[in-house]
Structure formats: structure tokens, C-alpha cells
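Thanks for coming, everyone. I will walk through one model this morning. Have a look at it first.

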Amino acid sequence: MSSHAHSAPHAMPAPTGFISKYVFSLDHKVIGIQYFLLALAAVCIGIVLSVLMRFHLVWPNAHLPFITGGIMTPEQYLGLLTMHGTIMVFFVLTTAPQSGFGNYFLPIQIGAADMAFPRLNMLSFWTTFLAFIAILAAFFVPGGSPISGWTAYPPLSGIGQATGPGEGWGQTMWIVSIALFCGASLMGALNFIATVIDLRAPGMTLMRMPLTVWAWFVTAILGLLAFGVLLAAGILLLLDRSAGTSFFVPAAEVVTDTLLNHKGGSPILWQHLFWFFGHPEVYIAILPGMGVASHLLSTFSRKPIYGYRAMAYAMCGIGFLGFMVWGHHMFVSGMSPYSGFAFSVLTMAIGVPSAIKTFNWLGTIWNGKIQFTSPMMFALGFVSLFVSGGLSGLFLAQPAVDNRLHATYYVVAHFHLVMGVAAIFGIFGATYFWYPKMFGRMMSEPLGKLHFWITFAGAYCIFMPMHFIGIAGAIRRYADYTGVQYLAQFQPVHKFMTIAAFITAIGQLIFIWNFFWSLKHGAKASDNPWHATTLEWSTATPPPHDNFGGHYPSVYRGPYEFSVPGVTEDYIPQHLAPQEVARSK
Amino acid sequence: MPIVTVTDVVEIIEPKRQGPSGPGKPPRGFGGGGDGSGAGSPGRQRAYVTGMTVALGGILMFFMALVSAYIVRKGAGTDWNSLIVPRILWVNTAILIVSSFTISRARRDFLRDDLPNFRHWWYVTTALGFLFLIGQLIAWRQLRAAGVYLDSNPSSSFFYVFTAAHGLHILGGLAALLAVAFHKGRRLTLATSSNVVAMYWHFMDGLWVFLFLLLTLGR
């Protein structure tokens, strides 16, 4: 059985030409970096959009040179809102932590030479790339970007030009982009699942997998079950828009004085299909961050993860429950109070596995020899943001409370903290942690810490006040609050949040600088600079084409063997045979 | 019972799995490990079976989303006019069910190393697949001749969506059947490729029977 492992380590020979090595590469490591760079480009665009929105909220009458007409219209504001949400959720939060780092490190961490299906992997990336081009094209088509938000509720999204300037071509491009993205994500999910099930190294039992691998695995299952549903919904929406069907568009709709020829469609049906995908989607964004946080907290506390099995099972539990709570996004849709009650109880039930994870993270760092490196700072920040953002979810899980808060900034604050910024902190932690393995050099620690403090303080300054103005009744999604007295009183708070957003956005330039500057000028990294235990640190830096240079590691123990009594070093790598472990006399 | 057939075949392909190893003990593969991932290695061949199983899960979710939309939409509006499906659909359904038997027959011949018979039944399956698609196109033409279009009624909208989505999947299956028929054998062994294509084909058959029942009994 093992003869293959030594004679034919890789399904694909190492590529030689530039195109096959860096562009249409079959190597999961190159594809991982491609995904990461795509997400980096997307996040830059997403941040610029959010800064423009924040600017407009505070100075609604300012002349902007790059906007036709000079002053931003409400439709243009909604266009920014839609594109910000779509780009951030799909092309950043779904792409970077799962497709980016997952692609690069999942095969190495389980001791495989590549993903199970390298060609499918490449196809998946380039389909995502096409989807990204399609969504960017929505900016430039006649009428501009769509205005129906990242959730694209019909009838607004189902009719066409009549409902707004971006609802013609722009919305069509949106659906095309998301459909492509669904296809790409399904291919990726299939690949991840097959790789974890079939390509683990000898000794790499399920309960010896790093928690990052568990997270990518569960996330892939969520993606597999969720993206097909969004794809189906997207096709039906496209037919409503272009073929005159009435799946979602209700009868006798009069839009801008025109009676539309649709019959009896159900807008609520779209909401069900969308959120059946949409709720698992938020876990797709956050679960890889949970895996990374667990991994980093253990490594930099020099302690085994507290409750490894509980952590793995909690992730499965969160994934499972994630499919049964979509209705909590629809409490205000007029659903039966009994359904609302069921969704409410199930939603609060997610608090149980979430609390298991949180307390285990605290238990992990408790009494540890904590090393405050940049990746560790971001892992700690992740826990902080996850708790701060997650707690408001318990309030929103009450239908009665949600009725009051649903359309306010309270919800904006909740989801930005818990799935937006927390997931981004997971991405940052992963970047600082794995950068030396990926590129052979260390990122600057002082710049990393500066970046952390600006981002951490900035995130709280932007999103904490939103809770309070939300409770006070500040409606979300409006382009201009100055004309309404009770909304205008929040303008000073908006100004504070906008200035915080500017500073935080500029602070991200430190990261970009650190990332690209360190490629050439960072300190040379050893093969295992963090003294970590998992398999990626057992191979060369950067890893060779087949990951382990023609041989395969065997795995002898779990992934978090830190500070084992009687052992010389404070860590035991997974691949070290028991007789090779140096013991103190 | 397509699912049962699939499981049977999987067991033949898969090597015996070893139990999990305790901490610190010498390495033992559990499911995954032990066979590396070189081309043609058992691990990679097995990954194709896993990959197909997983892919079918994703496809099932796609169709179930459409099916639940069908059920909800039917109950939601007052404008639902039940569609009487064209009679040729009964013939098409029979053809697809027979093709499941022929592909099973082909697999059995393959496992007995009877390659000529394998190819024979494999070609028969491919031909039946094409026949099914032609039958579906005829059904569309009949509906069009009767003035039933995509946007005539939600029931007809769903009919076209279901048959088109399923037809595209059958088209993909036909491409795969042909690819196996003209197999050159590089990354995939014929055992694996014929196995995963048969899994897919049975699934598409079962899925169609379900959709057909939905469109006839559940209209």
C-alpha cells in the first residue's frame, strides 16, 4: 500500500512553464495564493465602498469628483451598499479563509501531496475569478450597480429597470456572478471533502486532525449543502426577470405607474431559499476563523487546546444547527408565531456550542505561557469580537425584540462584529501565522502589532456605537439622515463612526505594506519559526511541489502536544516517531 | 433501488479499512491514509467515489430547493393551473429506468472481466440516454404546440425548469458515458470511472422518477 507513497508521490508532475506554474496552476498552494490575492483585491474595493458610504452619511451634500452629477443619489448609495455586501460576503469572507488558506494548508496539514482533484481545483478558482469579473462589471453596465442589497429581495430584484437604475443590467450581472460563484464553491467543497476523507496520511485519524482542518471540513459540508440552494433560487429569479415567469414576483404589481404582467409569485419564497443558503453562509465565513483561532491560541499559549473533541463536535453542532435557523432572518416577514418561536429556540441553541468554544478558548490560554505575537493578538481579537458580536445575536433571536430592531443599525452592528470583523481577524491571524511558511520570510512584528491595535480599536469604535443608535431607532439602509429630526440627532455619532472608519481603513495600508515589503525584505524564516506541531512545519519553506519532497509523513499523535512533561522541547511535532522525541533526564 | 447498487459497488472497490490507532501507537491508516496520493493509487481512486457521492449530495440539494419552491409556490398563489404532463413522459421514464438496468448489467460484466459485454451494455445505456433526451424534447414540442410555454402558468414554469435542469444533468451524464466508452485510461482506472458514472446515472434515474411522480401525482 505504501509503495505508491514513495514511488509516485504526486499525481501531477511539477510544472515548468510560467503559465502552468503561476496562472493555470494545478498546485493547491499556488491556487490558495491566487484565491488569497483575489480576496485581497476584493477587500480593498469593499473597504473603499464602505468608506464612501460612511462619508456620504456624514456629508450627504459633498461634491464627489468621480460621481456623475457630483452629489451621490440615494440609488447610488444603495448601489454601494449592495456591492459592498456582495463583495465582502462572497469574495472576501468566503474566499480568503476557506478557499485561500484552506487550499494552501489543508492538504499539507493532513499529509497529502495535493487536493483530491487538482484540475477541478483550478477550474474552481478560475470560475470564482470570472464571478469576480462579473460582479465588478456591474459597476460599469448601463444603470450601474444593483440596489437590492446582498440579499436581493424581490420584487425589487425581480422586475428589472422599472424598480431602479441598477435593477436592469446591474442586477442581472449580480445574479450571473453569484451563480458562477455557487458553481465554483460547489466544486471547491467537493474537493475539500474528498481530500479530507481519502487522502489523510497514515496515522492521521479524524481525531488527530488540526482544528483548522476540522473547520475547513465542516465549512465545506455547509458549502456543499447551501450553495446549490442559492443557485436554484438564482435561476428562478433570473427567469422571473427575463422570461416573464412569476416565481417570486407577486400579482398586480404597479411600479412607477406601470402595471406589471406577473401573477401570484411569492417574495417570501425567495427569502426562504435565500436564507436557507444565507444562514449557513455566515458560518462558512466564521468557522474557518474559529479553526484558526483555536490553532493559534494553543500554539502561542504553549498548551494543548482545551477540550479538543468538544471543539470538533461543537463545530459540527454549529454547522448542523446552522441549517435550521434561517427563519430568524425573516421574523418580520409575517411568519406564524409558532414558526417564529421554533426558529427562536433553535437560534438560541447555537449559543451552546458557541459557548463551548468560547470557554474552551479561555481554558486554553488560562495559565499558558502566552507569547503575544501578531498572529496571537489577532486570535485573541477574534475571540473578543466573536463574543461581543455574538451576544447581541441572543437579543435578535427574540422575535419580539427583533421586530423592533430588525431595520436598525443594531443588526448592522451585530453581523459586522460577529461575522465580518471577527472573520477578518481570523484571516489576519492566519496571514501573520502562515506567511513565513508560504513565502519564506517573516512579516514585521512591530508593524503587525500596530496594525492589530488600529484595527481592533477601530472595529469597536465603528460598530459599538451602532448598537446604541440602533436601540434608539436609527433606521439602516437610508442614504441621508439629515432631513428627519429624530434621525438627525444621531449625526454626531455617525461622524464619530465615519472618522473611526477612515482611520481603520488607512490602518489597513500598514498590513498591505507589511505583506508586500516582507516578501523581499522580511527576516528569513526557518522551517518552523513558531515551534508549532502540525505537518506544514515539518516540511521545507516554502513547501516543494509535492509538499513533502518525495516522502510522506506518518502521524503519531494529536496536533496540540505542547509542554508535555518530561520532554526537552515544549512541543512535539505530529510526525515525530515516539523514539525520536528527546526526553529530559 | 439505485442506491443499493451503488453501495454494493463501492464495497468492491474499497480496500478494507483499518481501525483507529490510539495515541502514541505506530501509525495505522484510518480511512484516509496509507496509500499516498499518486496517480492510480487506491487513495486517489477511492477519492473519485467519495467525490461523486459528495457531488450527488450537492446536486440533490439543488433539486430539493426547486422541489420545495414548487410545493410552496403551489400553495401560495391562487393562480395555479395543474399541468397535465404529455403522455410521452411515461415512455421516457420507462426508457430511463431500463437504462439503469443496462448500466448495472454493464458493471456486472466488467467485474466479471467480460469486457466485450461490458462495452455492449454500456453503449446500450448511452443510446437509451439519448433516446430519453429526444423524448423530453418531443414532450416540450407537444406542450409548445398546445400553447403551454415557460411563462404560461407557474406549473408550466416549474415543468420546464425541472425538465431542463434534469436534462442538462443527463447531458452531462451522456458526455461521461461517452468518455468512459472511449476510455484511454490515464488518471482514472476503468473500474473507477465506470463505477462513478454508474453511480451518477442511477442517481439521475432515481431523481427523474421522483420528479415525474411530483409532476404527475403532486400536481
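Let me start with contacts in chain A. Take the pairs with a separation of 6 or more: 80% of those contacts are between residues 24 or more positions apart. Keep in mind throughout that this is a predicted model.

So what is chain A built from? Its secondary structure comes to 17 helices and two strands. The radius of gyration is 24 Å, and the globule rule gives 25 Å for 585 residues, so chain A is as compact as a globular protein of that length. Along the principal axes, the C-alpha atoms of chain A fill a box of roughly 85 × 50 × 45 Å. Of the 585 residues in chain A, 58% are buried.

Next, domains. The domain assignment splits chain A into domain 1 (29-255), domain 2 (282-520) and domain 3 (524-585). Let me take domains 1 and 3 of chain A. Their C-alpha centres are 37 Å apart. How many residues are in contact there? On the domain 1 side of chain A there are 14, and they meet 15 residues of domain 3 of chain A. Which helix gives the most to the domain 1 side? Helix α4 (residues 74-109) of chain A does, with four residues. By class, that side of domain 1 has nine nonpolar, three polar and two charged residues.

Now the core. The largest nonpolar core has 230 residues. Inside this core, A:I193 and A:A422 have the most contacts. Helix α7 (residues 211-242) of chain A gives the most to this core, with 23 residues. As background, nonpolar side chains tend to be buried together in soluble globular proteins.

Look at A:A422 more closely. Leave out its neighbours within four places in sequence. A:A422 is then in contact with A:I286, A:G289, A:F382, A:L385, A:F386, A:G389 and A:L417.

Two more residues to click on. The first stop is A:T128, in helix α5 (residues 118-137) of chain A. Buried or exposed? A:T128 has 26 other C-beta atoms within 10 Å, and the cut-off for buried is 20 or more, so A:T128 is buried. What does A:T128 touch, beyond residues up to four places away in sequence? The list is A:L38, A:T95, A:F181 and A:A184. For a distance to check on screen, take A:T128 and A:P578. They are 450 residues apart in sequence, and 44 Å apart in space, C-alpha to C-alpha.

The other stop is A:I350. Where is A:I350 found? In the loop between α10 (337-349) and α11 (351-365) of chain A. A:I350 counts as buried because it has 23 C-beta neighbours inside 10 Å. Setting aside residues up to four places away in sequence, A:I350 touches A:I318, A:L321 and A:V325. Here is its distance check. A:I350 and A:I462 are 112 residues apart in sequence and 26 Å apart in space, C-alpha to C-alpha.

Last, chain B. What is its secondary structure? Six helices and zero strands. Along the sequence the pattern reads α-α-α-α-α-α. Buried residues are 41% of the 219 residues in chain B. Now the contacts in chain B between residues at least 6 apart in sequence. Of these, 76% join residues at least 24 apart.

That is the tour. Over to you for questions.

Methods. Residues are numbered from 1 along each chain as its sequence is written. Chains are lettered from A and ligands numbered from 1 in the order in which they are written. This is a predicted model: local features need pLDDT of at least 70, side-chain atom pairs count only at pLDDT 80 or more; totals for chains, interfaces and linings use all residues. A residue is buried if 20 or more other C-beta atoms lie within 10 Å of its own, exposed if 12 or fewer, and partly exposed in between; C-beta atoms are placed from the backbone. Two residues are in contact if their C-beta atoms, placed from the backbone, lie within 7 Å. A nonpolar core is a set of buried Ala, Val, Leu, Ile, Met, Phe, Trp, Tyr and Cys residues joined through C-beta atoms within 7 Å. The radius of gyration is taken over C-alpha atoms; the globule rule is 2.2 Å times the number of residues to the power 0.38. Domain bounds come from an automatic or database domain assignment. Ala, Val, Leu, Ile, Met, Phe, Trp, Tyr, Cys and Pro count as nonpolar, Asp, Glu, Lys and Arg as charged, and the others, Gly among them, as polar.
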